[in-house]
Amino acid sequence: MKSRRAVVAGAGIAGLTAAYRLQQAGWTVEVFEAEPRAGGRVETITRHGYCVDTGATAFAARYPIATQLAKELGLRMVDTAPYLGVYRGGRVRLLRLDRLLRSGLTTDALSWSTKLRLARVVFDVARASLRGMLSYDDLRAAAPLDTETARDYIRRLAGDEADTYLGEPITRALLLANSDKVSRVELMSGLVNAVAGHLSTLAGGQAAIIDALLSRVQTVHLRSPVVSLTDTADGVRLGYRDPEGQTKTVEADACVVATPLPVAASLCAAANPRLATLNDALRFTRAINVAVGTTRAPDTPAFLVQLPAAEDPEICMIIVESNKAPDRAPAGHGLLSVSWEMSAAAAWMQRSDDELIARSLQTVLRLFPELRDTVDFTYVRRWPVALPQTRVGVYQQIAEFTSHIDPTSRIQFAGDYLSQTGQNTAVAWGNRAAANLQEHHGHSVYTKQEEFTHG
């Protein structure tokens, strides 16, 4: 018997998941990645005893597919501290994720009149969730909700204060974007996530899941961008450029395209016009993350502090990594990750590391003045292509594309642009792509000589 052969374009978490699942089903798999490392936006760097997640940072409670994969790979999960902070009026107001209703009612981050008006939002989101419209990894059913921005939605139902100190902090934490830049679908799904009650992270850093997949996937070619993909009569032909700059081709029975959307569109738009339409509608933001290590921990139990645009137009949030997991900083030290808003990141992208660090420290020390003169480590990570900007109407385009994916095609798609962005979506679509190929093209075949021998 001759096993099936697959090629995977892209070695992010979606592509590696698809490769891993295909291997489990008996396929021979090769993965091709343009960058010098695998993992995409899942990256962990270790310096001077600090362990920094520069991209994806945690698993939400509504990440069952990603967490199941992590457990299957034997990875240890750690619950983050249960406290979430919102900065208002010169201090951090705390909420407990595991007691969200009680802490939401008692917090002074919002007035009582706003809390009462928010009941309309809670009812609306609960109704959409019960109707199956907010399934995290596949939001096709949410397309009818994709009619207004998050800002217009929450202001209409609950007023300006609700947007400033609830809605916008959520969209800035999820997508590094202000509430007038994204669809209300993001806010509604984010609220369902918050109600789920806790977040967790991987011991050793979020990239532990990438390392575990790499240890199991047979062949991964780094610095090898895919430059062409053709659907042939009995399979696919993939062209790639090797690290020496030579263009080569490989034949396979099927392919999973798990690259960023613009690359997928350039490879496959001619064969799938809906992909080009989606690429025209969905733009990707830039991002900046500045890690700050300190010789003492900040005086807060929160693992994440959200900053509304009214409080800081350039910095979206500060993740207190040392409260997220104890292994992220040396004992007694603190580690904070400063995440920039998308427009500010675009404006500052070419500024020097020193300028980015100085600006980030302004916000860190405003929130945590006790950290002055304690900084002993900094690290700057720029993401020229970061997160999908799901403006109003984009989820309708996503639904149009995903609803017409042919499960029998030899070319399948995986990636977190196919629903709400995140590791769970990426893993879910990696699983789905592999399952479609196995179901429709997974039978083993005889070679010609074997056919003659068995005949």
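## Strands around Tyr 83

Let's start with one bridge: Tyr 83 is partnered with Arg 96 in β8. This is a predicted model, where local features need pLDDT of at least 70 and side-chain atom pairs count only at pLDDT 80 or more, while totals for chains, interfaces and linings use all residues. Residues are numbered from 1 along each chain as its sequence is written, and side-chain values use heavy atoms, with hydrogens and water left out.

The wider picture is that β7 (residues 83-88) runs antiparallel to β8 (residues 91-96), with six bridges between these strands. Strands count as paired if DSSP finds at least two bridges between them. Helices (H or I, at least four residues) and strands (E, at least two) are DSSP runs, numbered from the N terminus. With two residues between them, β7 and β8 make a hairpin, and Gly 89 in its turn has a positive phi of about 60 degrees. β7 also pairs with β17 (residues 302-306), this time in the parallel sense and over four bridges. Over in β17, Tyr 83 has Ala 302 as its bridge partner.

## Two positive phi values outside glycine

Leu 176 isn't a glycine, yet its phi is positive, at about 55 degrees. You'll find Leu 176 in the loop that links α6 (160-175) and α7 (184-195). With a relative accessible area of 8%, Leu 176 is buried; buried means under 20%, exposed over 50% and partly exposed in between, using a 1.4 Å probe and protein chains only.

Asp 373 is another non-glycine residue with a positive phi, near 65 degrees. Its loop sits between α13 (353-367) and β20 (375-383). Asp 373 is exposed, at 78% relative accessibility.

## The loop and helix by α6

Ser 183 also belongs to the loop between α6 and α7, and its relative accessibility is 0%, so Ser 183 counts as buried. Leaving out neighbours within four places in sequence, Ser 183 is in contact (heavy atoms within 4.5 Å) with several residues, including Asp 146, Glu 148, Thr 390 and Tyr 395. Measuring tape out: from C-alpha to C-alpha, Ser 183 and Ala 212 are 35 Å apart in space and 29 residues apart in sequence.

In helix α6 itself there's Thr 164, which is buried with a relative accessible area of 17%. Not counting residues up to four places away in sequence, Thr 164 touches Pro 169, Pro 308 and Ala 310.

## A helix with a buried side

Now for helix α10 (residues 273-281), whose buried residues are Leu 275, Leu 278, Asn 279 and Ala 281. These sit on the same side of α10 because they cover an arc of only 160 degrees around the axis. That arc is taken from the directions from the helix axis to the C-beta atoms. On the other side of α10, Pro 273 and Asp 280 are exposed. The cover over the buried residues of α10 includes α9 (261-268), β15 (283-284), α14 (394-403) and β22 (411-413).

## A nonpolar surface patch

Leu 101, Leu 105, Trp 112 and Leu 116 make up a nonpolar patch on the surface, with about 500 Å² of accessible area together. Helices α3 (100-106) and α4 (112-130) are the elements that give two or more residues to this patch. Leu 116, in helix α4, is exposed with a relative accessible area of 63%.

Note on methods:
Patches are made of residues with over 30% relative accessible area and no salt bridge: like charges are joined within 9 Å, nonpolar side chains (Val, Leu, Ile, Met, Phe, Trp, Tyr) within 5 Å. Accessible areas come from the Shrake-Rupley method with a 1.4 Å probe; for residues, only the protein chains shown count as cover. A salt bridge is a side-chain nitrogen of Lys or Arg within 4 Å of a carboxyl oxygen of Asp or Glu.
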